[in-house]
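Here is a short briefing on one protein chain. Look at the structure first, then read on.

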Amino acid sequence: MKNAFIYTDKLSEFKYGEHHPLKPFRLKLTWELIKAFGLDKLSSTIYIEPKPADQSFVEKVHDHEYLDILRTVNVGIDVPYASMFGLGYGDNPIFNGVYEWSMLVAGATLEAVNLILSGEVKIAFNIAGGLHHALPNRASGFCYINDCALGIKYLLEKGKRVAYIDIDAHHGDGVQEIFYDNDDVLNISIHESGYYLFPGKGFVEELGTGSGYGYSINIPLPPGSDDKVFHYVFDRVVPAYISKFEPDIIVTQLGVDTLYDDPLAHLNLSIYGFADAVKKIKSFNLPWVALGGGGYNIASVAKAWTIAWAIINDVTLENKIPASYIETYRGYGFENDSLYGERYEIDDDVSQKLIKEVDREIMFLEKNLSRIKGKRVI
Ligand SMILES: [Zn+2]
């Protein structure tokens, strides 16, 4: 079976604004690095250009009224009431092409789902996706259309049980809210604690509601958490829930604002730690819709997602970025040719203290594990 990479340079041409931290250009940096390593020409891969999503499908998650306003502001000009939908200030600027950008990202995720459903593709990666904060009736946290939720919705319509794993530094609040009462979606989010970081949610007590109670799993990490703390949590929680739930398909949000050199969050993962998470997700050996997410050190984003694509295709890359790439993109933060960068180690006593903190949360969740039911036997 093949793995699909879904991308077009058009995605990288949109601009949130000169001073906005989200730079769609990071997508091109990633694609160019993938090409520099020859990962676009493997026998295991296919490359697909996405098309914009249909608004009628997007309305399965988002309100018609909100989408109409988003379409109206696509020209880059504010309109009355836009601010009531979270549009036009700070995090969610009204930029030229904001609707087109959002529909193209969503279309790429729906294409990824389509390819998986066809049975011809095992893993599909949309690096532009993972816009997990958008809510049905408002933009939030740089996200206008929640492509993760749309992809999951599509899978549910086809009768699939979906495990959503979100490893972005920020809690995946939009996705959680949309499926909070649904026991066909297992929602696992590991993120920096909402006491310190947007969106101020994702606490361990948020377990779901109604028949979805027990199917929202949140593990907030204290600021400073490194690879060791992250993987301690991952290993204790994720495999147990996945094996109990027995999903048909995994959808992941692979945000890399968890890295120690990210300017927005306060976690200390290294690219090695991120890569290990990708390997563990791959080892579940399930059809997998892989989406991008946050990441605001754009050189680190390109490195991390290139490595993710290599892991998806069972390729081990040497720790050396090709010279021609460095020459072209040096100005974007590629200070040397190391692909993996430094490991980031915090003192053992500090990491033991952090592990003790997260242990209390894990114990709380372990009591909850019994609520999860596997595939219904008909
Ligand atoms: Zn994030």
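How many of the 378 residues of the chain count as buried? The share is 51%, where buried takes 20 or more other C-beta atoms, placed from the backbone, within 10 Å of a residue's own (12 or fewer is exposed, in between is partly exposed). This is a predicted model: local features need pLDDT of at least 70, side-chain atom pairs count only at pLDDT 80 or more, and totals for chains, interfaces and linings use all residues. Residues are numbered from 1 along each chain as its sequence is written.

**Confidence**
- The chain has a mean pLDDT of 96 (the predictor's confidence in each residue, from 0 to 100).
- A pLDDT of 70 or more is reached by 99% of the residues.

**Overall build**
- The chain holds 11 helices and 8 strands (DSSP runs numbered from the N terminus: H or I of at least four residues, E of at least two).
- The radius of gyration, over C-alpha atoms, is 19 Å, close to the 21 Å of the globule rule (2.2 Å times the number of residues to the power 0.38), so the chain is as compact as a globular protein of 378 residues.
- Its C-alpha atoms fill a box of roughly 50 × 50 × 40 Å along the principal axes.

**A helix pair**
- The axes of helix α7 (residues 227-245) and helix α8 (residues 271-283) come within 9 Å and cross at roughly 15 degrees (lines fitted to C-alpha atoms over the stretch in contact; angles run from 0 to 180 degrees between N-to-C directions).
- Therefore α7 is roughly parallel to α8 (under 35 degrees; over 145 is roughly antiparallel, 65 to 115 roughly perpendicular, the rest oblique).
- Residues in contact (C-beta atoms, placed from the backbone, within 7 Å) include Phe-230 of α7 and Ala-277 of α8.

Technical notes: Contact = placed C-beta atoms within 7 Å.
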